[in-house]
Amino acid sequence: MVKLRLKRCGRKQRAVYRIVAIDVRSRREGRDLHKVGFYDPITNQTYLNLPAILDFLKKGAQPTRTVHDISKKAGIFTEYRIKS
């Protein structure tokens, strides 16, 4: 099963996260299938690749709770309901 989850990057005490589609059996820093976004909790910056995220959601990928909250703020799920 594929999940949309955060992958930690950055320095010590200055973490930034990539939002990736990854197999559930992989580690947090494991090999990802596709990079679909970026999240910086310190500056509260977010970049999301909407077509890629919608494509993975249609294929059955499950977002983690944190990715779900980030996506919800961006309004992805309203677009997902409209297109499906």
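A residue is called buried when its relative accessible area is under 20%. By that rule, the buried residues of helix α1 in this predicted model are A52, I53, L54, F56 and L57. Helix α1 also gives the most residues to the largest nonpolar core, five in number. The points below cover that core, the salt bridges, the pairing of β3 with β4, the surroundings of D40, and some single residues of note.

**Nonpolar core**

- The largest nonpolar core has 17 residues. Those that touch the most other members are L4, I19, V36, I53, F56, L57 and I76.
- Two or more residues come from each of β1 (2-11), β2 (14-23), β3 (34-40), α1 (50-58), α2 and α3 (76-83). Among these elements, α1 is the top contributor, with five residues.
- I53 is one of the buried residues of α1. Once neighbours within four places in sequence are set aside, I53 is in contact with L4, V36, L48 and I76.
- Two further residues with the most core contacts, F56 and L57, also belong to the buried set of α1.

**Salt bridges**

- Three salt bridges are found in a search of the whole structure.
- One of them joins D32 to K7, with the closest N and O atoms 2.8 Å apart. This pair links distant parts of the chain, as D32 is in the loop between β2 and β3 while K7 is in strand β1, 25 residues away.
- D32 counts as buried because its relative accessibility is 17%, and the cut-off for buried is under 20%. K7 is buried as well, because its relative accessible area is 12%.
- Another salt bridge is formed by R25 and D23, whose closest N and O atoms are 2.9 Å apart. R25 has a relative accessible area of 72%, so it is exposed; the cut-off for exposed is over 50%.
- K59 and D55 also meet in a salt bridge, at 3.3 Å from N to O. K59 counts as exposed because its relative accessibility is 63%, whereas D55, at 36%, counts as partly exposed.

**Strands β3 and β4**

- Strands β3 and β4 run antiparallel and are joined by four bridges. One bridge pairs G37 with L48 in β4.
- L48 is also among the residues in contact with I53.
- The hairpin formed by β3 and β4 has four residues between the strands. Within this hairpin, N44 takes a positive phi near 60°.
- N44 lies in the loop between β3 and β4 (45-48). The positive phi of N44 occurs although N44 is not a glycine. N44 is exposed, because its relative accessible area is 56%.

**D40 and its surroundings**

- D40 lies in strand β3. D40 is buried yet has no salt bridge.
- The nearest side chain of opposite charge to D40 is that of R14, 4.4 Å away. A salt bridge requires the nitrogen and oxygen to be within 4 Å, so this pair does not qualify.
- The side chain of D40 does make a polar contact of 2.9 Å with the side chain of T43.
- Not counting residues up to four places away in sequence, D40 touches R14, A15, V16 and Q45.

**Other residues of note**

- Q13 is placed in the loop between β1 and β2. The phi of Q13 is near 65°, a positive value in a residue other than glycine. Q13 counts as exposed because its relative accessibility is 72%.
- G60 follows α1 and has a positive phi, near 105°.
- K73 lies in helix α2 (residues 65-74). With a relative accessibility of 76%, K73 counts as exposed.
- K73 and T46 are 27 residues apart in sequence, and their C-alpha atoms are 10.0 Å apart in space.

Terms used:
Residues are numbered from 1 along each chain as its sequence is written. This is a predicted model: local features need pLDDT of at least 70, side-chain atom pairs count only at pLDDT 80 or more; totals for chains, interfaces and linings use all residues. Side-chain values use heavy atoms; hydrogens and water are left out. Buried means under 20% relative accessible area, exposed over 50%, partly exposed in between (1.4 Å probe, protein chains only). A nonpolar core is a set of buried Ala, Val, Leu, Ile, Met, Phe, Trp, Tyr and Cys residues joined through side-chain atoms within 4.5 Å. Contact means heavy atoms within 4.5 Å. Lys and Arg count as positive and Asp and Glu as negative; His and the chain ends are not counted. A polar contact is a pair of N or O atoms within 3.5 Å; within protein, one must be able to donate a hydrogen and the other to accept it, and residues adjacent in sequence count only if both atoms are side-chain atoms. Two strands pair if DSSP finds at least two bridges between them.
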